[in-house]
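Colleague: I have a model open and would like to learn how to read its features. Could you walk me through it?

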Amino acid sequence: MAAQVRRDDVVVVAQFLGDPVPVAAVIAATVDQLLLVASLFWALAANRLFLGQALKERALAEPQTWGFALALIVLLASLHYLLLAPLANRWTVKPLIALLIVTSAFAVHFMQAFGVYLDPSMVRNVLRTDVAEARELLSWSLLPHLLIYAVAPLLLMSRVRVLRSPWPRASVVRVASALAAGAVFVATLVAVFQPMASLMRNHKELRYLATPANVLWSVAAVGAAQARGAAQPRQAIGLDATLAPAVARVRPLVVVLVVGETARRANWGLSGYARQTTPELAQLPVINFADVTSCGTNTEVSVPCMFAPLGRRDYDESRIRGSESLLHVAAHAGVAVHWRDNQSGCKGVCEGLPQDEVVSLNPAGICAEGHCLDEGLLAGLDDKLAAAAASPKPGTQLLVLHTLGNHGPSYFRRYPPAFKRFQPACENDDLRLCSPQEIVNAYDNALLYTDHVLASLVAKLQAAADRVDTALIYVSDHGESLGENNLYLHGLPYAISPDVQTQVPMVMWLSAGLPRAVGLDTACLQRRATEPAAHDHLFHTVLGLLGVHTALYEPAWDLTSACRTVAP
Ligand SMILES: [Zn+2]
């Protein structure tokens, strides 16, 4: 076995008060021994979730369960050995293991704390997280976990001296040991093939719990996709787009699309939640779509998908990321497009188009510690509407506001004190230190604030309604788990995600002149809003409202198309 202590390796590593004092044993080990110990360490210490899920449907008393558990541990250890063996040599082995120990410790903490899976889209999310977001995820409870699973093994490894070996011999040993690991992997797999195959078929997402292989695989997948994307320019779409001649239009048209964050339908007052979390919108003539399904369970998937012609119904991530978006199509038609961000950017959908961010605008009393309240999104909107009204030709504009919404886990940081209405609210970045009710209270307060921001936006549009026709569409990018089945936050693989992560609120408001200007029956639209809808409808509905003609437009996916008195 690896890591035996050898007497002659006990050396003096520090000097104390001038006298040489032997303070610690240094353990000598070969690269292969170190790899083996690390692989066993991860199999046993970083895969409690994987093993728990894999063995969930088995009886603990049955000997087969224990046999299967042992096989899974052997598979995990041999897999990690195989993955690392080609990369390890006398110089790289320690940095490589150290990096993976630290990564695994963080990964396991977040998987356990929030019930997330580390798949490529989660890694993409993590890589795009800004400093302010990351700070909220680091809590004091992380410290003991890191001490046990990162600091302790790192200290232990610092005591290891890697034995030198002439490179021809080292290479032969490495290849032989990798072959042995491969043989062990295959033999074990053959022995448990039947239960293993059915487990992986029924629970594909399990592989994203095998740590740190999940991190290695996901980082490689994201890197490969990034390299492919960087090698090709974004493919242009909708180059045929034109604006319909505005027959009945005498006023400028401004469509405002508000992209919500992490708002779930289950807690949306207008959609029947027992608590009134949308008191201001409830006083307005809004059209509430009560059954809307999101394209993804996280921002990185949902936002590009919402702005693509084919959404979830024919999901193709690389095609979506490699193509222009709804915003480019509108711009090709001559619509003035602008993206305003109060979150982590537009995920490529506004690439090359006019954009700004609230944090740089820095409106008075709105921003602190790198985050701004969503009211900042409305800064300067009155002037924008006045300018649209003053323009000699009635133009068409599309304004997208990307909110911070209910971005977790620090829901309490999303609203000003006036919205602390549901009490007591969780006011800790670490959700596990709060009771379930406190978490829900903070989440609902953040929804109250979103309600206020949207109602304020409607008030501004209403104030300009005699000069500018306007439409507001609000839709959240995905939902959130608030502790149901011990799940928190969002981002579960779509196939196994609970409804609370994929059912989102969506609201429309139209200025009084708009239905006449674009030929729309609002009573019909109210009825349509009671039927199911999805993110897939957004692309075509917005094109329909703007009056953009293109071969990409599919009337069947335009929520307003059945309610037109004049074809768009
Ligand atoms: Zn999001």
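**Reading the cross-links, the metal site and the charges**

Modeller: Sure, let's begin with the cross-links: five disulfides are present in the structure. Keep in mind as we go that this is a predicted model.

Colleague: What is a disulfide between, in general?

Modeller: It is a covalent bond that connects the sulfur atoms of two cysteines. Here, one of them joins Cys295 to Cys305, with an S to S distance of 1.9 Å.

Colleague: Where in the chain do Cys295 and Cys305 sit?

Modeller: Cys295 is in the loop between S7 and H11, while Cys305 belongs to helix H11, and the two are 10 residues apart.

Colleague: Are Cys295 and Cys305 buried or exposed?

Modeller: Cys295 has a relative accessible area of 0%, so it counts as buried. Cys305 is buried as well, because its relative accessible area is 1%. The cut-off behind both calls is that buried means under 20%.

Colleague: What about handedness: is the link of Cys295 and Cys305 right-handed or left-handed?

Modeller: Look at the angle about the S-S bond. For Cys295 and Cys305 that angle is 80°, and the link is right-handed. Cys346 and Cys350 form another disulfide, with their sulfur atoms 2.1 Å apart. The angle there is -90°, a left-handed link. Cys346 and Cys350 are both buried.

Colleague: And which hand does the link of Cys426 and Cys434 have?

Modeller: Right-handed, with 70° about the S-S bond. The sulfur atoms of Cys426 and Cys434 are 2.1 Å apart, and both of these cysteines are buried.

Colleague: What pattern do the disulfides follow along the chain?

Modeller: Count the bonded cysteines along the chain and you get 1-2, 3-4, 5-6, 7-8, 9-10.

Colleague: Let's move to the metal. Which residues are the protein donors of the zinc ion?

Modeller: For a metal site, list the donor atoms and then look at where they come from. The zinc ion has Glu261 (OE), Glu261 (OE), Thr299 (OG1), Asp477 (OD) and His478 (NE2), at 1.9 to 2.3 Å. Glu261 appears twice in that list. Along the chain, the donors have the spacing E-x37-T-x177-D-H.

Colleague: Where do Glu261 and Thr299 lie?

Modeller: Glu261 is in the loop between strand S6 (253–260) and strand S7 (287–293), and Thr299 is in helix H11 (residues 299–306). They are 38 residues apart, so this pair links distant parts of the chain. Glu261 counts as buried because its relative accessible area is 1%. Thr299 is buried too, at 6% relative accessibility.

Colleague: S7 keeps coming up. Which strands do bridges join to S7?

Modeller: For strand pairing, check the bridges and the direction. S7 and strand S16 (residues 503–510) run antiparallel and are joined by five bridges. Within that pairing, Val292 stands opposite Val504 in S16. Two bridges join S7 to strand S17 (residues 533–534), and these run parallel. There, Thr293 stands opposite Ala534 in S17.

Colleague: Now the charges. How many salt bridges does the count come to?

Modeller: The count is 17. For each one, read the N to O distance, then the location and exposure of both partners. Take Asp444 and Arg275, whose side chains meet at 2.8 Å, N to O. This pair links distant parts of the chain: Asp444 is in helix H16 (residues 436–463) and Arg275 in the loop between S6 and S7, 169 residues apart. Asp444 is buried, at 0% relative accessibility, whereas Arg275 is partly exposed, at 23%.

Colleague: What does the salt bridge of Lys460 with Asp382 tie together?

Modeller: Lys460 is in helix H16 and Asp382 in helix H15 (residues 381–390), so the pair ties together parts 78 residues apart in sequence. Their closest N and O atoms are 3.0 Å apart. Lys460 is partly exposed, with a relative accessible area of 22%, and Asp382 is partly exposed at 39%.

Colleague: And how far apart, N to O, are the side chains of Glu531 and Arg528?

Modeller: That salt bridge has 4.0 Å, N to O. Glu531 is partly exposed at 42% relative accessibility, while Arg528 is buried at 17%. Also look for shared partners: salt bridges join Arg124, Glu317 and Arg321 into one network.

Conventions: Residues are numbered from 1 along each chain as its sequence is written. Side-chain values use heavy atoms; hydrogens and water are left out. Donors are N, O and S atoms within 2.8 Å of the metal (3.2 Å for Na, K and Ca); water is not among the atoms, so sites may look incomplete. Helices (H or I, at least four residues) and strands (E, at least two) are DSSP runs, numbered from the N terminus. Buried means under 20% relative accessible area, exposed over 50%, partly exposed in between (1.4 Å probe, protein chains only). Two strands pair if DSSP finds at least two bridges between them. A disulfide is a pair of cysteine sulfur atoms within 2.5 Å.
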